[in-house]
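Got your viewer open? Let's take a short walk through this model, one selection at a time.

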Amino acid sequence: EAPTAAQRETARELDQVARAHGFVALTRFGVDRALLQRAWNESAQLFALPPERKRALAQISAETNRGYSGLGRESLNRNRAGEPKEAFNVRRAGNNYTGVPDGFATVAATLWARLERAARRYALAAAVALGLPRDYFHATLRELDLCTLRFLHYPPNATAVTTGAPREALRVGEHTDFGLV
């Protein structure tokens, strides 16, 4: 069926912002503050686990892109040391939550479901904005096999904290933590 007037207006606004700024940041798109706070709290518990418990978590691999990645294990720029972060990647299916805090799996699945719905709604808006059939991006998003939800932790720079030295600036802009489009 044809897009509604509200869908066309939303699509027009999203298109206008994307063209003017090069990106769109969506808020209140099905993810409320309470869910974000739960996700924050559960990921804080996950990253606070002692090192021996973290080593027992399902480790991330290039084949699955799921699981835990330890501090400094990822380097997005071959000319630099590992990134000063740790991560836990969640995909649509096949996640191994063995060893995570009790509420982490539930909140990760809930957040994924809300983000999946938001991604599909955004894809619809993008198709309408571009004058394409409403389901143009549907096939691409059918399995969401290129989407990953990353829970990230950038711990304090221990050297700077103990010596009072200036903290190393975190490098932003070399990657995206959640990318869909």
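Start by selecting Arg33, Ala34 and Trp40: these exposed residues (over 50% relative accessible area, 1.4 Å probe, protein chains only) sit on the face of helix H2 turned away from its buried side. Before going on, note that this is a predicted model, where local features need pLDDT of at least 70, side-chain atom pairs count only at pLDDT 80 or more, and totals for chains, interfaces and linings use all residues. Residues are numbered from 1 along each chain as its sequence is written, and side-chain values use heavy atoms, leaving out hydrogens and water.

Now select all of H2, residues 33-47. Helices here are DSSP runs (H or I, at least four residues), as are strands (E, at least two), numbered from the N terminus.

Which residues of H2 are buried? Pick Leu35, Ala39, Glu42, Ser43, Leu46 and Phe47; buried means under 20% relative accessible area. They cover an arc of only 130° around the axis, which puts them on the same side of H2. That arc is taken from the directions from the helix axis to the C-beta atoms.

What covers them? Show helix H3 (51-56), strands E1 (67-69), E2 (86-90) and E3 (149-153), and helix H4 (104-129), which are included in the cover. Contact means heavy atoms within 4.5 Å.

Next, keep just the strands on screen. They form an open antiparallel sheet in the order E1-E2-E3, with E1 and E3 as the edge strands. Two strands pair if DSSP finds at least two bridges between them; E2 and E3 have five. Last stop: find Asn89, which stands opposite Arg150 in E3.

Technical notes:
The expected span of a helix is 1.5 Å times one less than its number of residues.
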